[in-house]
Amino acid sequence: MTRPIPFMLALALAAAAATGAQAAGADDPNIKLATSSGCMTCHQVEPGGKGPDGLAPIGPAWKDVSAKYKGQKGAADQLTHTVMTGSNPYDSHWKGKVSGLAMPPNAVAIKEAEAKQLVKWILSLDSAQKS
Ligand code: HEC
């Protein structure tokens with residue numbers, strides 16, 4: 001007896017999500033939240049990762065995000081807004097560095113307070129890297 005295909009697909013997707021989470025420390029509650037909210041489909045914590053075609057990753061690595069916005073006033077609020085409502089494809093902040101054209105709105109997947117928590121954690125990653 002063969003298993004129905006959607007079940008296999010769900011398994012494969014779950015396995016892919018689990019691998020991504022493990023690479024960055026699966027016990028971190030922020031990684032758990034990011035994984036369950038779908039962020040890790042397009043993002044990685046560590047720079048230098050590759051996207052599905054071996055090209056640039058779909059979205060920027062979060063340590064790169066942290067380095068880019070370090071010390072910028074209002075960055076947390078601005079980035080939380082972008083996470084909730086999506087990025088502007090005509091004004092990409094990561095043009096040439098990522099293979100995704102824009103980030104879709106994530107408001108369907110995550111609450112604003114949770115997005116803010118994730119963004120604060122993302123912004124803290126650059127200094128965490130050096131300690
Ligand atoms: C479908 C793919 C996709 C998903 C899912 C996704 N992102 Fe993104 N994200 C992107 C892309 C592409 C960019 C680059 C946007 C740009 O070029 O300005 C980006 C950019 C970002 C940035 C930087 C924005 C800026 O203005 O520089 C942050 C922070 C971010 N994402 C956080 C998140 C969080 C948190 C989640 C989960 C709630 C998430 N992303 C889910 C694709 C995605």
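1. Let me start with a loop residue. Setting aside residues within four places in sequence, Ala56 is in contact with Gly51, Lys97, Val98 and Ser99. Ala56 sits in the loop between H2 and H3, and with a relative accessibility of 26% it counts as partly exposed. From Ala56 to Gly100 the C-alpha separation is 8.6 Å, although their positions lie 44 residues apart along the chain. Please keep in mind throughout that this is a predicted model.

2. The loop between H2 and H3 also holds Lys50. Is Lys50 buried or exposed? Lys50 is exposed, at 60% relative accessible area. Not counting residues up to four places away in sequence, Lys50 touches Gln44, Leu55 and Pro57. Lys50 also pairs with a distant part of the sequence: Ser99 is 49 residues away along the chain, while the two C-alpha atoms are 9.6 Å apart in space. Ser99 is also one of the contacts of Ala56.

3. Stepping back to the whole chain, the secondary structure consists of five helices and zero strands. Read from the N terminus, the order is α-α-α-α-α. Of the 131 residues, 31% are buried. Among contacts with a separation of 6 or more, 55% join residues 24 or more positions apart. The pairs Ala56 with Gly100 and Lys50 with Ser99 are worth a look in the viewer alongside that figure.

4. Now to the metal. Which protein atoms are donors to the iron atom of the ligand? They are NE2 of His43 and SD of Met103, at 1.9 to 2.1 Å from the iron. Six donor atoms surround the iron atom of the ligand, and the angles they subtend run from 86 to 179 degrees, which makes the arrangement octahedral. His43 comes from the loop between helix H2 (29-36) and H3, and Met103 from the loop between H4 and H5, so this pair ties together parts of the chain that are 60 residues apart in sequence.

5. The two protein donors are worth viewing side by side for their accessibility. His43 is buried, with a relative accessible area of 11%. Met103 is partly exposed, with a relative accessible area of 23%. Since buried means under 20%, His43 at 11% falls within that class, whereas Met103 at 23% does not.

6. Next, the largest pocket, which has a volume of about 750 Å³. Its lining comprises 40 residues, and those nearest the centre are His43, Pro60, Thr82, Ser87 and Met103. Both protein donors of the iron, His43 and Met103, are thus named among the residues nearest the pocket centre. By class, the lining has 23 nonpolar, 16 polar and one charged residues.

7. Which helices supply at least two residues each to that lining? They are helix H3 (62-69), helix H4 (75-85) and helix H5 (112-130). H4 gives the most, with six residues.

8. H4 deserves a point of its own. Its buried residues are Ala75, Ala76, Leu79, Thr80, Thr82, Val83 and Met84. Just after H4, Gly86 adopts a positive phi of about 95 degrees, a backbone detail you may like to check in the model.

9. Within H4, I would pick out Thr82. Thr82 is buried, with a relative accessible area of 17%, and is listed with the residues nearest the centre of the largest pocket. What does Thr82 contact once its neighbours within four places in sequence are left aside? Its partners are Ser87 and Met103. Met103 is also the residue that offers SD to the iron, so a view centred on Thr82 shows a contact with a donor residue. Thr82 and Asn106 are 24 residues apart in sequence, and their C-alpha atoms are 8.8 Å apart in space.

10. Finally, a word on H5, where Ala113 is found. Ala113 is exposed, with a relative accessible area of 61%. Its C-alpha atom is separated by 8.9 Å from that of Thr80, which is 33 residues away along the chain. Thr80 belongs to the buried residues of H4, so this pair sets an exposed residue of H5 beside the record for H4.

Methods. Residues numbered from 1 in each chain as written. Predicted model: local features only at pLDDT ≥ 70, side-chain atom pairs only at ≥ 80, totals over all residues. Heavy atoms only, no water. 1 Å grid on protein atoms, 1.4 Å probe; cavity = no way out; pocket = protein on both sides within 12 Å on 5 of 7 lines; lining within 4 Å. Points joined across faces, edges and corners; volume = space filled by probe spheres on them. Helix = DSSP H or I, 4+ residues; strand = E, 2+ residues; numbered from the N terminus. Nonpolar A, V, L, I, M, F, W, Y, C, P; charged D, E, K, R; others polar. Donors = N, O, S within 2.8 Å, 3.2 Å for Na, K, Ca; no water. Tetrahedral: all angles 85-135°; square planar, octahedral: opposite > 155°, others 65-115°. Buried < 20%, exposed > 50% of the residue type's maximum accessible area, 1.4 Å probe, protein only. Contact = heavy atoms within 4.5 Å.
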